[in-house]
Amino acid sequence: MKTSLVQPYLFFGGRCEEALEFYRKAIGAQVGMVMRFSESPEPPPPDMLAPGFADKVMHASFTVGETVLMASDGCEGPESFAGFSLSLSVATVEEAEAKFAALAEGGEVTMPMGKTFWSPCFGMLKDRFGMGWMVTILEDAPPSH
C-alpha cells in the first residue's frame with residue numbers, strides 16, 4: 001500500500017448480519033467476506049466474547065458504490081454510533097428519496113429531505129441500528145424538477 005486509507009469500521013453489538021442484509025436491500029450494498037468468531041484460525045481469549053457470540057460476525061466487508069466499509073458484531077453487547085454520520089451521495093432526486101426512505105424504515109428522520117443552498121435534495125436520519133446518515137445529491141447532478 002503506497003498511500004494512507006481511512007475506512008469506517010462499524011460495530012453492531014450482535015446485529016451485524018441483520019445490518020448487512022438491511023444495507024443490501026436499502027442502498028444496494030454488496031456484501032464481501034463474512035467471518036464468524038467460530039471460524040477464526042485462532043480462538044479468542046477466554047471471556048473475550050459475550051455469551052452466544054461464537055457464531056456472530058467477527059469481520060465483514062461491504063461496498064456501497066466505490067466505498068468499502070467494514071463491520072463486526074464486536075465482542076460485547078449493544079454498541080452506539082455517536083459523533084459521526086455516513087454521507088451517501090447519489091445522482092438523482094428520485095434515488096436520494098428512495099434510499100432515504102429505505103434507510104429511515106424503522107429509524108428516525110432527523111431532517112426531512114428538502115432543498116438546501118448546497119443541494120437540490122438533502123436529508124438526515126438515524127437508521128434502525130442508530131447509525132446516522134446524510135443523503136444528498138452529487139454536486140454535478142442536474143437540479144430537481
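**Exercise 1. Get your bearings: how many helices and strands are in the chain, and in what order do the elements run?**

Solution. Start by counting: the chain has 2 helices and 8 strands. Keep in mind that you're looking at a predicted model. Next, read off the order from the N terminus, which goes β-α-β-β-β-β-α-β-β-β. For the overall dimensions, the C-alpha trace spans about 60 × 40 × 25 Å along its principal axes. Now for burial: of the chain's 145 residues, 35% count as buried. Finally, look at the contacts between residues at least 6 apart in sequence: 57% of these join residues at least 24 apart.

**Exercise 2. Work out how helix 1 and helix 2 are arranged: roughly parallel or roughly antiparallel?**

Solution. First find the two helices: helix 1 covers residues 16-27 and helix 2 covers residues 93-104. Their axes come within 8 Å and cross at roughly 155°. Angles over 145 degrees count as roughly antiparallel, so helix 1 is roughly antiparallel to helix 2. As for handedness, this crossing is right-handed.

Then zoom in on the side of each helix that takes part. Helix 1 brings F22, Y23, A26 and I27, which meet K99, A102 and L103 of helix 2. Sorted by type, the contact residues come out as 6 nonpolar, no polar and 1 charged.

**Exercise 3. Pick apart an aromatic pair: how are the rings of F12 and F129 placed, and which parts of the chain do they tie together?**

Solution. A search of the whole structure turns up 12 aromatic pairs. For the pair of F12 and F129, the ring centres are 5.7 Å apart and the planes sit at 80°. Planes over 60 degrees apart count as edge-to-face, so that's the label for F12 and F129.

Now place the two residues. F12 lies in the loop between strand 1 (9-11) and helix 1, while F129 lies in the loop between strand 7 (122-126) and strand 8 (132-137), so the pair ties together parts that are 117 residues apart in sequence. Check accessibility next: F12 is buried at a relative accessible area of 6%, and F129 counts as buried too, at 10%.

Last step: see what else belongs with them. F12 and F129 are part of one aromatic cluster together with F22, Y23, F62, F81, F84 and W133. Two of those names should ring a bell, as F22 and Y23 also turn up in the contact of helix 1 with helix 2.

**Exercise 4. Take L125, S61 and G114 in turn: which is buried and which is partly exposed?**

Solution. Begin with L125, found in strand 7. Its relative accessibility is 1%, so L125 counts as buried. Its contacts, leaving out residues up to four places away in sequence, include F100, L103, A104, E108, M131 and W133. One of these, E108, is 17 residues from L125 in sequence, with a C-alpha to C-alpha separation of 5.6 Å.

Move on to S61 in strand 3 (residues 57-64). At 17% relative accessibility, S61 is on the buried side, given that buried means under 20%. With the four-place neighbours left out, S61 touches Q30, V31, G32, M33, L69 and M70.

Finish with G114, which sits in strand 6 (residues 108-114). A relative accessible area of 26% makes G114 partly exposed. Beyond four places in sequence, G114 touches S119, P120, C121 and F122. For a distance, try V93: its C-alpha is 9.8 Å from that of G114, and the two residues are 21 apart along the chain.

Definitions and conventions. Residues are numbered from 1 along each chain as its sequence is written. This is a predicted model: local features need pLDDT of at least 70, side-chain atom pairs count only at pLDDT 80 or more; totals for chains, interfaces and linings use all residues. Side-chain values use heavy atoms; hydrogens and water are left out. Axes are lines fitted to C-alpha atoms, for helices over the stretch in contact, and angles run from 0 to 180 degrees between N-to-C directions. Helices (H or I, at least four residues) and strands (E, at least two) are DSSP runs, numbered from the N terminus. Angles under 35 degrees count as roughly parallel, over 145 as roughly antiparallel, 65 to 115 as roughly perpendicular and the rest as oblique. A crossing is left-handed if the near helix is turned anticlockwise from the far one by less than a right angle, and right-handed if clockwise. Contact means heavy atoms within 4.5 Å. Ala, Val, Leu, Ile, Met, Phe, Trp, Tyr, Cys and Pro count as nonpolar, Asp, Glu, Lys and Arg as charged, and the others, Gly among them, as polar. Rings of Phe, Tyr and Trp (its six-membered ring) pair if their centres lie within 6.5 Å; planes under 30 degrees apart count as stacked, over 60 as edge-to-face and the rest as tilted. Buried means under 20% relative accessible area, exposed over 50%, partly exposed in between (1.4 Å probe, protein chains only).
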